[in-house]
Amino acid sequence: METKDYLQDIREIKNMMSQSTQFISLSGLSGVLAGIYALIGAYMAGRILPQPEYRYFEPHNTQETVNSLILIAMALMVLSIGTAYIMTVRKAKRIGESIWNKSAKRLLVNFAIPLATGGIFSLLLLLQTDYKLIAPVTLIFYGLACVNASKYTLRDVRYLGLTMVVLGLISVAFPGYGLYFWAIGFGFCHILYGAVMHFKYDSK
């Protein structure tokens with residue numbers, strides 16, 4: 001009996017230590033919604049891009065087309081970040097976790113560094129009119145950001161990141177289909193992993 005109590009105490013201490021170093025308020029539903037936003041954005045981008053370029057990516061975009069794609073990307077980013085923030089705040093209040101603790105700060109810093117690097121890299125590619133690598137670069141650097149930040153949050157984020165990196169590397173070999181890989185990664189993968197995280201953590 002004492003052995004069982006001892007093991008139970010060890011498990012409780014381990015859980016407390018894990019929660020003190022991990023930010024567990026990430027909302028799975030925000031991932032699902034981000035995936036839906038991404039699919040809508042991919043559809044809109046597919047309507048804007050000329051068909052030959054959409055499939056084979058011969059870079060002869062007009063500035064108007066590029067500006068429209070940038071606008072779509074910015075709208076997706078604002079919607080995704082806003083949704084994630086609102087739903088994370090709600091979950092944090094529900095489970096009694098501070099939204100701005102040490103774990104949250106570490107998570108944000110470790111996520112932001114690879115993400116900002118990838119964003120700047122993508123912008124430079126855009127300025128150099130090297131469009132065919134933008135989709136792989138965004139997938140790879142977003143995946144690396146997830147892997148880097150996963151040390152301070154739910155482990156499932158690591159698997160999402162690794163999936164994104166693999167998709168990004170594969171898409172390099174198929175430059176005419178970057179938008180498809182982008183939709184799979186940011187759309188379907190976000191929906192899948194978000195749903196898994198929701199039923200695994202949020203619905204308890």
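This section describes the fold, the nonpolar core, one salt bridge and a surface patch of a predicted model.

The secondary structure of the protein consists of eight helices and zero strands, and the order along the sequence is α-α-α-α-α-α-α-α. Of the 204 residues, 41% are buried. Among contacts with a separation of 6 or more, 79% join residues 24 or more positions apart. The accessible surface amounts to about 12,400 Å², and carbon and sulfur atoms account for 69% of this area.

Helix α6 covers residues 134-149. Its 16 residues reach 22 Å from the first C-alpha to the last, close to the 22 Å expected at 1.5 Å a residue. The helix is mostly covered, with 12 of its 16 residues buried. The buried residues of α6 include Ala135, Pro136, Val137, Leu139, Ile140, Phe141 and Tyr142, and Gly143, Ala145, Cys146, Val147 and Ala149 are also buried.

In soluble globular proteins, nonpolar side chains tend to be buried together. The largest nonpolar core of the model has 24 residues, of which Leu139, Leu160, Met164, Trp182 and Phe186 touch the most other members. At least two residues of this core come from each of α2, α4, α6, α7 (156-172) and α8 (178-202). The largest contribution is that of α8, which supplies eight residues. Leucine 139, one of the residues of α6 that are buried, illustrates the packing. Apart from neighbours within four places in sequence, leucine 139 is in contact with Met164, Val165, Leu167, Gly168 and Ser171, and also with Phe181, Trp182, Gly185 and Phe186. Met164, Trp182 and Phe186 are thus both partners of leucine 139 and among the core residues that touch the most other members.

The salt-bridge count comes to one. Lysine 200 pairs with aspartate 156, and the closest N and O atoms are 3.5 Å apart. The pair links distant parts of the chain, since lysine 200 lies in helix α8 and aspartate 156 in helix α7, 44 residues apart. The two partners are covered to unlike degrees: aspartate 156 is buried because its relative accessible area is 7%, whereas lysine 200 counts as partly exposed because its relative accessibility is 39%.

Helix α2 comprises residues 28-48 and includes isoleucine 40. Leucine 39 is also placed in α2. With a relative accessible area of 25%, leucine 39 is partly exposed. Outside its neighbours within four places in sequence, leucine 39 is in contact with Ala183, Gly187, Phe188 and Ile191. The C-alpha atom of leucine 39 is separated by 10.0 Å from that of leucine 76, a residue 37 positions away along the chain. Isoleucine 40 has a relative accessibility of 46% and therefore counts as partly exposed. On the surface, isoleucine 40 joins Leu33, Ile36, Tyr43 and Met44 in a nonpolar patch, and these residues together have about 460 Å² of accessible area.

Threonine 83 is located in helix α4 (residues 63-95). This residue counts as buried because its relative accessibility is 12%. Excluding neighbours within four places in sequence, threonine 83 is in contact with Ser30, Leu33 and Tyr37. Leu33 is therefore a contact of buried threonine 83 as well as a member of the nonpolar surface patch.

Notes
Residues numbered from 1 in each chain as written. Predicted model: local features only at pLDDT ≥ 70, side-chain atom pairs only at ≥ 80, totals over all residues. Heavy atoms only, no water. Patch = residues over 30% accessible without salt bridge, like charges linked within 9 Å, V, L, I, M, F, W, Y side chains within 5 Å. Areas by Shrake-Rupley, 256 points an atom, 1.4 Å probe, with all protein chains shown as cover. Salt bridge = Lys/Arg side-chain N within 4 Å of Asp/Glu carboxyl O. Helix = DSSP H or I, 4+ residues; strand = E, 2+ residues; numbered from the N terminus. Buried < 20%, exposed > 50% of the residue type's maximum accessible area, 1.4 Å probe, protein only. Contact = heavy atoms within 4.5 Å. Expected span 1.5 Å × (residues − 1). Core = buried A, V, L, I, M, F, W, Y, C linked by side-chain atoms within 4.5 Å.
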